[in-house]
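Dear colleague,

I am handing over the structure below, together with some notes on what was found in it. Please look through the model first and then read on.

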Amino acid sequence: MTKPVWGIDLGGTKIEGIVLASPHSTESLCRLRIPTEAEKGYHHIIQQIKKLVGMMSDEISLLPEKIGIGTPGALDPQLNAMKNSNTTSLNGKPFKDDLIATLGFPVVLANDANCFALAEAKLGAAAEIVPRAESVFGVIMGTGVGGGVVVNGKLLTGRHAISGEWGHNFLHESGGDCYCGLKGCVETVISGTGLQNFYLQQSGNSKSLKEIYALYRLGADPMAIATIERLLSYFGKALAYIINILDPDAIILGGGVGNIDELYSEGVREVEKYIFNRKLETLILKPKLGDSAGVFGAAMLVA
């Protein structure tokens, strides 16, 4: 008999938990959310996770044997401590060990981009189109830029736990300083934040990406047109590097920037200019799971 799988998506403002009926289905037996209350500190976050697990257990009258948890940032495999998390109280902490000690059962951690990639590879867009895909690259293009790699149905995390972190490859110096300490990272150029910064620099006006894109579609604002055309050009260059190295069967674009329709037409043509092949065969897909991808992917960690 197939056992249910448990997952938790730890966000900056909310913690979401799910129990899937099986590792092969999106049918949920339970799905609950509570606030993260990250401002109350590291130990409070752990207690909030414990509280949520208790609520889920009460709802379905079942205890987990283990649980997958998607996190902001990643667990450094050498130091056994969290790093690169925008929930800064996690950084430098032995989060996995402390969770196991508090919950009393095993946990598996992966960053949120990896969970997105795993969910879309096994239950979402790639599973529908390429049921036997050897490799899938999941992309997050939102406030920042991240990614995850799934090979033969399993996450590739890497020696430094940075597999898929294409957002911190160098792309162009015009992106300026990145929070990681480098300059011109992919994230500084084609993230939502990077695009908004470029528009502000060029026009002197501050607008959201949604507003910039609407002006682009109307053809009413030269700076909006320049901003989106710049996105499409640099998206092509940045993603072509990934294809030349990994050559995935499919790439799924998540995050707010991934909602820009032109990425799937003009953006794909830009990618094709830079790959080491006569034609682009990689499938570049919109996600299917929406905001469920993170918590589904967390459950897939223990599937």
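**A pair of helices**

H6 passes H8 in a right-handed crossing. Please bear in mind throughout that this is a predicted model. Helix H6 covers residues 192–203 and helix H8 covers residues 222–246, and the two pack at an angle of about 145° with their axes 9 Å apart. On the H6 side the meeting residues are Leu-195, Phe-198, Tyr-199, Gln-202 and Ser-203, while H8 brings Met-223, Ala-224, Ala-226, Thr-227, Arg-230 and Leu-231. Sorted by class, this contact of H6 with H8 is made up of 7 nonpolar, 3 polar and 1 charged residues.

**The loop between S9 and S10**

Strand S9 (145–151) and strand S10 (154–156) are joined by a loop in which Gly-153 lies, and Asn-152 has its place in this loop between S9 and S10 as well. Asn-152 has a positive phi, near 50°, in a residue other than glycine, and with a relative accessible area of 57% it is exposed, because that value is over 50%. Gly-153, by contrast, counts as partly exposed, since its relative accessibility of 28% falls between the limits of 20% and 50%. If neighbours within four places in sequence are left aside, Gly-153 is in contact with Leu-118 and Lys-122. From Gly-153 to Glu-272, which is 119 residues away along the chain, the separation between C-alpha atoms is 26 Å.

**Another positive phi**

Ser-61, which is not a glycine, nevertheless has a positive phi of about 55°. Ser-61 sits in the loop that runs between helix H1 (42–60) and strand S4 (67–71), and its relative accessible area of 69% makes it exposed.

**The second largest pocket**

For the second largest pocket, the volume comes to about 340 Å³. It is lined by 20 residues, of which Leu-109, Ala-110, Asn-114, Leu-155 and Thr-157 are the closest to its centre. Which elements each supply at least two residues of this lining? They are strand S5 (74–76), strand S7 (107–111), helix H3 (112–122) and S10, and the largest share, 4 residues, comes from S7. By class, the lining of this pocket consists of 12 nonpolar, 6 polar and 2 charged residues. S10 therefore appears twice in these notes, as one end of the loop that holds Gly-153 and as a contributor to the lining of the second largest pocket.

With best regards

Key
Residues numbered from 1 in each chain as written. Predicted model: local features only at pLDDT ≥ 70, side-chain atom pairs only at ≥ 80, totals over all residues. Heavy atoms only, no water. Buried < 20%, exposed > 50% of the residue type's maximum accessible area, 1.4 Å probe, protein only. Contact = heavy atoms within 4.5 Å. Axes fitted to C-alpha atoms, helices over the stretch in contact; angles between N-to-C directions. Left-handed = near helix turned anticlockwise from the far one by under 90°. Nonpolar A, V, L, I, M, F, W, Y, C, P; charged D, E, K, R; others polar. 1 Å grid on protein atoms, 1.4 Å probe; cavity = no way out; pocket = protein on both sides within 12 Å on 5 of 7 lines; lining within 4 Å. Points joined across faces, edges and corners; volume = space filled by probe spheres on them.
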